[in-house]
Amino acid sequence: MDIVHWGVLFCTNMGLGCIIPPVALNLFISTQLAGVRYGEAVRATVPFIIIMVIDMAIIALFPIIPLMLPHLLFDYPLPK
(Lines give C-alpha, C1' and ligand atoms only; values in the text may rest on other atoms or scores of the structure.)
Protein backbone atom coordinates (compact mmCIF):
# COMPACT_ATOMS: atom_id res chain seq x y z
CA MET A 1 0.00 0.00 0.00
CA ASP A 2 1.17 3.50 -0.78
CA ILE A 3 2.32 5.47 2.28
CA VAL A 4 0.41 8.63 1.24
CA HIS A 5 -2.77 6.62 0.72
CA TRP A 6 -2.28 5.01 4.13
CA GLY A 7 -1.82 8.47 5.68
CA VAL A 8 -5.09 9.72 4.18
CA LEU A 9 -6.92 6.65 5.47
CA PHE A 10 -5.33 7.09 8.91
CA CYS A 11 -6.34 10.76 9.17
CA THR A 12 -9.89 10.02 8.04
CA ASN A 13 -10.15 7.20 10.57
CA MET A 14 -8.84 9.39 13.40
CA GLY A 15 -11.37 12.11 12.51
CA LEU A 16 -14.10 9.50 12.64
CA GLY A 17 -12.85 8.28 16.01
CA CYS A 18 -13.13 11.79 17.46
CA ILE A 19 -16.90 11.90 16.93
CA ILE A 20 -17.97 8.29 17.52
CA PRO A 21 -19.15 7.57 21.08
CA PRO A 22 -18.02 6.36 23.65
CA VAL A 23 -14.58 7.94 23.13
CA ALA A 24 -15.71 11.06 21.22
CA LEU A 25 -13.36 13.61 22.74
CA ASN A 26 -14.60 16.35 20.40
CA LEU A 27 -18.18 15.55 21.35
CA PHE A 28 -17.48 15.88 25.08
CA ILE A 29 -15.74 19.22 24.63
CA SER A 30 -18.37 20.67 22.29
CA THR A 31 -21.27 19.69 24.56
CA GLN A 32 -19.62 21.44 27.49
CA LEU A 33 -18.90 24.58 25.49
CA ALA A 34 -22.36 24.76 23.93
CA GLY A 35 -24.29 23.70 27.03
CA VAL A 36 -26.07 20.91 25.13
CA ARG A 37 -26.94 17.48 26.51
CA TYR A 38 -24.67 14.66 25.37
CA GLY A 39 -27.55 12.62 23.90
CA GLU A 40 -28.62 15.51 21.67
CA ALA A 41 -25.07 15.92 20.38
CA VAL A 42 -24.76 12.20 19.62
CA ARG A 43 -28.02 12.24 17.66
CA ALA A 44 -26.82 15.26 15.70
CA THR A 45 -23.56 13.54 14.69
CA VAL A 46 -25.19 10.40 13.23
CA PRO A 47 -25.44 11.81 9.66
CA PHE A 48 -21.80 12.90 9.79
CA ILE A 49 -20.71 9.47 11.02
CA ILE A 50 -22.56 7.80 8.15
CA ILE A 51 -21.01 10.16 5.60
CA MET A 52 -17.51 9.63 7.01
CA VAL A 53 -17.87 5.83 6.94
CA ILE A 54 -18.97 5.98 3.29
CA ASP A 55 -16.09 8.36 2.58
CA MET A 56 -13.60 5.97 4.17
CA ALA A 57 -14.92 3.06 2.13
CA ILE A 58 -14.56 5.07 -1.09
CA ILE A 59 -11.03 6.16 -0.18
CA ALA A 60 -10.03 2.57 0.66
CA LEU A 61 -11.53 1.07 -2.51
CA PHE A 62 -10.41 3.75 -4.99
CA PRO A 63 -6.92 5.05 -4.04
CA ILE A 64 -6.75 7.25 -7.13
CA ILE A 65 -9.30 9.66 -5.56
CA PRO A 66 -7.22 10.79 -2.54
CA LEU A 67 -3.98 10.66 -4.53
CA MET A 68 -5.20 12.92 -7.35
CA LEU A 69 -4.34 16.19 -5.56
CA PRO A 70 -0.75 15.14 -4.67
CA HIS A 71 -0.37 14.05 -8.28
CA LEU A 72 -1.52 17.40 -9.64
CA LEU A 73 0.50 19.50 -7.18
CA PHE A 74 3.70 17.48 -6.76
CA ASP A 75 3.65 15.05 -9.72
CA TYR A 76 3.19 12.15 -7.28
CA PRO A 77 2.79 8.84 -9.14
CA LEU A 78 -0.76 7.52 -9.36
CA PRO A 79 -1.54 3.84 -8.65
CA LYS A 80 -2.13 1.61 -11.64
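This passage describes helix 4 of a predicted model, together with a residue of helix 1 and the residue that follows helix 4.

Helix 4 spans residues 64–74, and its buried residues are Pro 66, Leu 67 and Pro 70. Because these residues cover an arc of only 85° around the axis, they are placed on the same side of helix 4. An α-helix has 3.6 residues a turn, so residues three or four places apart point the same way. On the other side of helix 4, by contrast, Ile 65, Leu 69 and Leu 72 are exposed. The packing partners of the buried residues of helix 4 are helix 1, which comprises residues 3–17, and helix 3, which comprises residues 38–61.

Within helix 1 lies His 5, which counts as buried because its relative accessibility is 4%, under the cut-off of 20%. When its neighbours within four places in sequence are left aside, His 5 is in contact with Ile 59, Ala 60, Pro 63, Pro 66 and Leu 67. Of these contacts, Pro 66 and Leu 67 are among the buried residues of helix 4, while Ile 59 and Ala 60 fall within the range of helix 3, residues 38–61.

Helix 4 is followed by Asp 75, a residue in the segment after that helix. Although Asp 75 is not a glycine, its phi is positive, at about 55°. With a relative accessibility of 62%, Asp 75 counts as exposed, because this value is over the cut-off of 50%.

Notes. Residues numbered from 1 in each chain as written. Predicted model: local features only at pLDDT ≥ 70, side-chain atom pairs only at ≥ 80, totals over all residues. Heavy atoms only, no water. Buried < 20%, exposed > 50% of the residue type's maximum accessible area, 1.4 Å probe, protein only. Helix = DSSP H or I, 4+ residues; strand = E, 2+ residues; numbered from the N terminus. Arc of directions from axis to C-beta. Contact = heavy atoms within 4.5 Å.
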